[in-house]
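Reader: I am new to this structure and would like to talk through parts of it. Could we begin once it is on the screen?

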Amino acid sequence: MVHFSRLLAVAGVFSLALASNQAHAVGAPAGTNIDNTAVVTYSVGTVTATTTSNPTTVTVAEILDVVVTLQTPNVPVVPGATQQEMLYRVTNAGNGPEAFLLTMTSAIGGDDFDPTAAAPSIYFDTDASGDLSPGDVPYVAGSNDPLLNADAFVGVLVVNDIPTSVGDGDRGRSSLTAAARTGTGTAGFEYAGAGVGGTVAVVGTTEGDGVATGEYLVSGISLDAAKSATVADQFGGTRPIPGARINYSIVVTATGSGSAISTLFSDAIPANTTYVPGTLTLNSVSLSDGTDADAGEFTTTPSARVRVQLGTLTTASGPQTIQFAVTIN
Amino acid sequence: MFKGTMKFVIAAIACTFASQAFAQAQNCIELKTTGQVEKEVVNDKGEKTKVLAEAGKVVPGTEVVWTVTANNVCKQATDGVVMTNPVPEHMTLVTGSAIGPGSDITFSVDGKQFAPAGQLTVTENGATRPARAEEIRHIRWQLKSSLQPGASAMGRFRAVLN
């Protein structure tokens, strides 16, 4: 499936946004017993002796902290679009396992329109694709609250529909909140016996909940991709048999007003096929497979795909043709 | 035969005396540690003051005040008193927090080589640099004078739970 990522308002690098925003949990795991024993040596006359103290133990209590970060800086949409997703990351910044309640809202001030929550409106990014995909599991409060170990995180998608009445350049905000199931409150508030191993659970500096807000940006420009394929088998024919080569050609065309900034073309290598190294081209210009100065790359993480940075596209840019080849396994 | 047995008995008695002396010396100092946290309380005058309370359960980021006390419970003075306390696991020593009246305080990374504050070094990739607070794992208090019967010596430091 061909996928576009467009950063319309902010020219930036999509992957940079993914790499940053790492939350760091506190160190010592909740429930850990820390023992302290001192030793003294001394002499009485000619006799030297050593004495060990009583062990003093302190137990690490559980701290409740959660950080929510937006992973998609800006989501370009068209009026009337349905099931538009924003990707968030919910990280347990505490020091013990904790379940989190997730809620979303799109009734937020300071924007031009309120996106309409889809039903369901929160999904786990189960397949880690960053998109809403058929395999993604809907979130049901109280039923599949994410249980995260210290430092662990989960990708969460907030899904909205875009009203038809919105205009070009309008912005609509939507936010995701994660709250520790044990409890929230002001920093330092204590939940007796609620922590790991019956320790006290103490609300951390995030006050036990976290929120992040994303934005939809209505864009008059839309990108269309037309994909075609030709098959060449090793016997001079066109049968799609193992060993046959499939040459793909995708033509990307911008229509409408405005410009799409930092357009990223991404296309997954189909299952049961293998990318043919060195076959990626943009407008007949060869692109190297490595992640380097030129616009294209072939990557296997998180899954095999080709990516091409198309830069700023307007209707004046004309059609952009991307080609690459695979062989059938 | 008879003489031989006598010798054996005498040797056994001498051995008992030695072990008694040893046992007495062993028990001459009682060593105690406490782990406490500062808590803010309001006193009779309505002022906020800080008191030390038993730590028990602490959350990361908390500063724990560790105190080690040596008490001479014998009728003889003890000499060369050296108290050693590791910086507990998962904790980082607060720089400049170690105190001990009448003691020379030294620090160590490996528990073998001890040096005064600021003089402890670490060799990394062939280069020598000052030890960082989180690398200090042992604190040692060496009493400058004898600990008299009934007297006590105290060492204290603060460490933050990571």
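**A loop residue, then the interface**

Author: A:Asp65 lies in the loop between strand 6 (62-64) and strand 7 (66-70) of chain A, where strands are DSSP runs of E, at least two residues, and helices runs of H or I, at least four, numbered from the N terminus. This is a predicted model, in which local features need pLDDT of at least 70, side-chain atom pairs count only at pLDDT 80 or more, and totals for chains, interfaces and linings use all residues. Residues are numbered from 1 along each chain as its sequence is written, chains are lettered from A and ligands numbered from 1 in the order written, and side-chain values use heavy atoms, without hydrogens and water.

Reader: Is A:Asp65 buried or exposed?

Author: A:Asp65 is buried (under 20% relative accessible area; exposed is over 50%, partly exposed in between, with a 1.4 Å probe and protein chains only). A:Asp65 has no salt bridge (a side-chain nitrogen of Lys or Arg within 4 Å of a carboxyl oxygen of Asp or Glu). The nearest side chain of opposite charge, A:Arg181, is 17 Å away.

Reader: What about the two chains: how many residues from each take part in the contact?

Author: Chain B gives 36 residues and chain A gives 37, contact being heavy atoms within 4.5 Å.

Reader: And how many salt bridges are there between chain B and chain A?

Author: The count is zero.

Reader: Which strand of chain B gives the most to the side that touches chain A?

Author: Strand 5 of chain B does, with eight residues.

Terms used: Lys, Arg positive; Asp, Glu negative; His and termini not counted.
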